[in-house]
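User: Please take a close look at the aromatic pairs in this model, and set them in the context of the chain around them. I would like the reasoning spelled out where the geometry allows it.

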Amino acid sequence: NDESAELTRQDWYGIFARELAEGKWWSVVYDLEVCGGSSVRLSSSSHHSEKKFYQGWMDYIYFRGPQLDCTGVQDVLTETERALVYEEGDVLPNAWHRSDHLPVLAVFSWK
């Protein structure tokens, strides 16, 4: 196809409107950051790769008290999946993980 690969402003608006309608606000934020937008967060993780990736926020489980002990946590992504996201630039959701949310999993026991 010999058509131009350039996107018009209306093309961009249409893409952003579809992504927002699908709940993919993070994708719009990333695109704006890459194009030089301000007041959006773009993270880089030195322990994964030097490539930049968007992360909205991290969930935490807080616990306190002498009666509880955290006996285990579970990684949600396998090493292969983590490499796809942080090294290859894959994003969530995708064909192998249908949500952009990752659960926080922990096991607690009574002392």
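Analyst: What follows begins with the chain as a whole, turns to the aromatic pairs, and then takes up the elements around them.

The model is a predicted one, and its confidence is uneven: the protein chain averages a pLDDT of 76, with 77% of the residues scoring at least 70. Over residues 42–50 the pLDDT is below 50, although this stretch has 19 contacts in the model beyond near neighbours in sequence. The protein chain contains three helices and four strands, and read from the N terminus these elements run in the order α-α-β-β-β-α-β. Of the 111 residues in the protein chain, 16% are buried, and the accessible surface comes to about 9000 Å², with 53% of that area belonging to carbon and sulfur atoms. Among contacts in the protein chain with a separation of 6 or more, 53% are between residues that lie 24 or more positions apart.

The structure holds two aromatic pairs. In one of them, the rings of tryptophan 12 and phenylalanine 16 have centres 5.4 Å apart and planes at 50°, and the pair is therefore tilted, since a tilted pair has planes that are neither under 30 degrees apart nor over 60. Tryptophan 12 and phenylalanine 16 are four residues apart in helix H1, so about one helical turn separates them. Their exposure can be stated for each residue: tryptophan 12 is partly exposed, at a relative accessible area of 31%, whereas phenylalanine 16 has a relative accessible area of 15% and is buried.

The other pair is formed by phenylalanine 63 and phenylalanine 108, which meet edge-to-face at 4.9 Å centre to centre, with 65° between the planes. Because phenylalanine 63 lies in the loop between strand S2 (52–53) and strand S3 (68–74), while phenylalanine 108 belongs to strand S4 (residues 105–110), this pair ties together parts of the chain that are 45 residues apart in sequence. Phenylalanine 63 counts as partly exposed at 37% relative accessibility, and phenylalanine 108 also counts as partly exposed, at 33%.

Strands S3 and S4 can be followed further through valine 73. Valine 73 lies in strand S3 and is exposed, with a relative accessible area of 68%. Its C-alpha atom is separated by 6.3 Å from that of valine 107, a residue 34 positions away along the chain. When residues up to four places away in sequence are not counted, valine 73 touches Leu105 and Ala106.

Returning to the helix that carries the tilted pair, H1 covers residues 9–21, and its 13 residues should span 18 Å at 1.5 Å a residue; the C-alpha atoms at its ends are 18 Å apart, which agrees with that expectation. Glutamate 19 also lies in helix H1, and at a relative accessible area of 16% this residue is buried, because buried means under 20%. Leaving aside residues up to four places away in sequence, glutamate 19 touches Lys24, Trp25, Ser27, Val28 and Asp31. Just after H1, glycine 23 takes a positive phi of about 80°.

Helix H2 (residues 25–34) has Trp26, Ser27, Val28 and Val29 as its buried residues, and H1 is included in what covers them. Ser27 and Val28 appear among the residues touched by glutamate 19 as well. After H2 comes glycine 36, whose phi is positive and near 100°.

Helix H3 (residues 79–86) has Arg82, Val85 and Tyr86 buried. Seen down the axis of H3, these buried residues fall within an arc of 80°, so they line one face of the helix. In the loop between H3 and S4 lies proline 93, which is joined to leucine 92 by a cis peptide bond with omega of about 0°.

Notes:
Residues numbered from 1 in each chain as written. Predicted model: local features only at pLDDT ≥ 70, side-chain atom pairs only at ≥ 80, totals over all residues. Heavy atoms only, no water. Buried < 20%, exposed > 50% of the residue type's maximum accessible area, 1.4 Å probe, protein only. Helix = DSSP H or I, 4+ residues; strand = E, 2+ residues; numbered from the N terminus. Arc of directions from axis to C-beta. Expected span 1.5 Å × (residues − 1). Contact = heavy atoms within 4.5 Å. Areas by Shrake-Rupley, 256 points an atom, 1.4 Å probe, with all protein chains shown as cover. Phe/Tyr/Trp six-rings, centres within 6.5 Å; stacked < 30°, edge-to-face > 60°. pLDDT = per-residue confidence, 0-100.
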